[in-house]
Amino acid sequence: MSNPEDHLSVQEIPALYRKHLRELLAYLYRFFRNADEAEETVQEVFYLLCARARKGNLDRKNIRAYLYRTAHNLAIDNLRKKKIREESLNPLHTAAGPEDSARVNDSVFIENMLNHIDAAFTIREGEAFRLRYIHGMSVEETAEVLGSSTASTSRLLSSVVSRLSKDFPDALV
């Protein structure tokens, strides 16, 4: 078991914010090419950091890696959501044929499912689902990012998929 003194406290977050803000903004700007989106994502990174710190399960020595991994995952997730929205609203992506129609319908469906997850599930459940099924991480990788055991993450994912299958019965076959 790890020593509680090795865990990040909520009181340390403002100093970490000041220390890492510029480099995270620069890193995220490379993804978005938009300062506002980079700033919003940095805020989301620190929101998640604060949530993890409150639970007392974030190791102080891995904080920089956590910040970058979280920023990267959120950036990819946000870019995918943006692409799905653009494709679903772009008239050039309307049905030119059955394959195109299916792709647009899948994009809209995925966006609806992610919106449902954001509304009906905990942040941790949503994060686990995105890491595993959107970002394609293994259960072991997902567990590492979440800071939990593989068995616990596997149970969490099973629960999320089970609940989703009730809300989206045709989706998770």
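E23 sits at 27% relative accessible area, so E23 counts as partly exposed (buried means under 20%, exposed over 50%, and partly exposed in between, with a 1.4 Å probe and protein chains only). This is a predicted model, so local features need pLDDT of at least 70 and side-chain atom pairs count only at pLDDT 80 or more, while totals for chains, interfaces and linings use all residues. Residues are numbered from 1 along each chain as its sequence is written, and side-chain values use heavy atoms, with hydrogens and water left out.

**Salt bridges**

What does E23 pair with? E23 forms a salt bridge with R64, and their closest N and O atoms are 3.1 Å apart. A salt bridge here is a side-chain nitrogen of Lys or Arg within 4 Å of a carboxyl oxygen of Asp or Glu. R64 lies in helix 3 (residues 63-89) and E23 in helix 1, so the pair ties together parts that are 41 residues apart in sequence. Helices (H or I, at least four residues) and strands (E, at least two) are DSSP runs numbered from the N terminus. R64 is partly exposed as well, at 46% relative accessibility.

By this rule the count comes to five salt bridges. Here are some of them:

| Pair | N to O distance |
|---|---|
| R64 and E23 | 3.1 Å |
| D77 and R130 | 2.6 Å |
| R130 and D118 | 2.8 Å |

R130 turns up in two of those rows: D77, D118 and R130 are linked in a network of salt bridges. Take the D77 pair, with its closest N and O atoms 2.6 Å apart. D77 is in helix 3 and R130 in helix 5 (residues 123-134), so this pair ties together parts that are 53 residues apart in sequence. Then there is the pair of R130 and D118, at 2.8 Å from N to O. With R130 in helix 5 and D118 in helix 4 (residues 98-120), the parts tied together are 12 residues apart in sequence.

Are D77 and R130 buried or exposed? D77 is buried, with a relative accessible area of 5%, and R130 is buried too, at 8%. D118, on the other hand, is partly exposed at 41%. R130 also has buried company in helix 5, where E125, G126, E127, A128, F129, R130 and L131 are buried.

**A buried arginine without a partner**

R52, in helix 2, is a bit of an odd one. R52 is buried yet has no salt bridge; the nearest side chain of opposite charge, E127, is 5.5 Å away (Lys and Arg count as positive, Asp and Glu as negative, and His and the chain ends are not counted). What is R52 in contact with, leaving aside neighbours within four places in sequence? The list is N57, L58, Y66, V145, L146 and G147, where contact means heavy atoms within 4.5 Å.

**Helix 7 meets A120**

R163 belongs to helix 7 (residues 150-167) and is partly exposed at 30% relative accessibility. Leaving aside neighbours within four places in sequence, R163 is in contact with A120, F121 and E125. R163 and A120 are 43 residues apart along the chain, and their C-alpha atoms are separated by 9.9 Å.

**Charge on the surface, and two positive phi values**

Back in helix 2 (residues 35-55), E40 is exposed, with a relative accessible area of 54%. Together, D36, E39, E40 and E44 form a negative surface patch. Patches are made of residues with over 30% relative accessible area and no salt bridge, with like charges joined within 9 Å and nonpolar side chains (Val, Leu, Ile, Met, Phe, Trp, Tyr) within 5 Å. The place of a charge is taken as NZ of Lys, CZ of Arg, CG of Asp or CD of Glu.

In the loop between helix 1 (13-32) and helix 2 you'll find R33. R33 isn't a glycine, but it has a positive phi of about 55°; it is exposed at 58% relative accessibility. G136, just after helix 5, takes a positive phi of about 75°.

**The whole chain**

Zooming out, the chain has seven helices and zero strands. Of its 173 residues, 35% count as buried. Among contacts between residues at least 6 apart in sequence, 61% join residues at least 24 apart. The accessible surface comes to about 10,400 Å², with 53% of that belonging to carbon and sulfur atoms; accessible areas come from the Shrake-Rupley method with a 1.4 Å probe, and for residues only the protein chains shown count as cover.
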